[in-house]
Amino acid sequence: MRTVKLNELTELLESASYPLSVETAQTEFGDVRLQYADGSEPLDVVLGRLEDERFDSAEEAQSSIFNTVPVEGVGEPGQSEGEG
């Protein structure tokens with residue numbers, strides 16, 4: 001099992017060929033756990049919650065995954081990388 005931090009997800013997703021179906025992504029990344037600020041979760045479980053059927057790019061895949069990650073997993077409550 002590989003553990004990947006959220007900030008390393010882009011590099012992982014860029015290793016795939018696109019377009020990429022969610023089903024193929026679940027198989028290809030079935031050995032990956034996403035490391036959150038408060039724990040971890042298998043990437044294939046996260047992908048299973050997506051409404052998307054396929055991704056046209058690594059950026060699209062990352063955006064969909066980030067929108068599915070529990071807010072508690074991203075960082076401290078109320079913390080935003082966009083402010084400051």
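Helix α4 hides a good part of itself: Ala58, Ala61, Gln62, Ser64, Ile65 and Thr68 are buried in this predicted model. Looking down the helix axis, these buried residues stay within an arc of 165°, so they line one face of α4. That fits the usual helix geometry, with 3.6 residues a turn, so residues three or four places apart point the same way. On the face turned away from the buried side sit Glu59 and Asn67, both exposed. As for what lies over the buried residues of α4, the cover includes α1, β3, α3 and β5 (54-55).

Gln62 is worth a closer look. This residue of α4 (residues 58-68) has a relative accessible area of 18%, so it counts as buried, the cut-off being under 20%. Leaving aside neighbours within four places in sequence, Gln62 is in contact with Leu9, Thr10 and Leu13.

Ile65, also on the buried list for α4, turns up again in the largest nonpolar core. That core has 22 residues, and Phe29, Leu34, Leu43, Leu47 and Ile65 touch the most other members. At least two core residues come from each of α1 (9-13), α2 (22-28), β3 (32-36), α3 (43-48) and α4. Beyond its neighbours within four places in sequence, Leu43 is in contact with Leu9, Leu12, Phe29, Val32, Arg33, Leu34 and Ile65.

On confidence, the mean pLDDT of the protein is 87, with 85% of residues at 70 or more. Strand β2 (residues 20-21) has the highest mean, 97, and helix α5 (residues 71-74) the lowest, 67. Over residues 77-84 the pLDDT drops below 50, and this stretch has zero contacts in the model beyond near neighbours in sequence. Where pLDDT is low, the predicted coordinates should not be read in detail.

Definitions and conventions
Residues are numbered from 1 along each chain as its sequence is written. This is a predicted model: local features need pLDDT of at least 70, side-chain atom pairs count only at pLDDT 80 or more; totals for chains, interfaces and linings use all residues. Side-chain values use heavy atoms; hydrogens and water are left out. pLDDT is the predictor's confidence in each residue, from 0 to 100. Helices (H or I, at least four residues) and strands (E, at least two) are DSSP runs, numbered from the N terminus. Contact means heavy atoms within 4.5 Å. Buried means under 20% relative accessible area, exposed over 50%, partly exposed in between (1.4 Å probe, protein chains only). A nonpolar core is a set of buried Ala, Val, Leu, Ile, Met, Phe, Trp, Tyr and Cys residues joined through side-chain atoms within 4.5 Å. The arc is that of the directions from the helix axis to the C-beta atoms.
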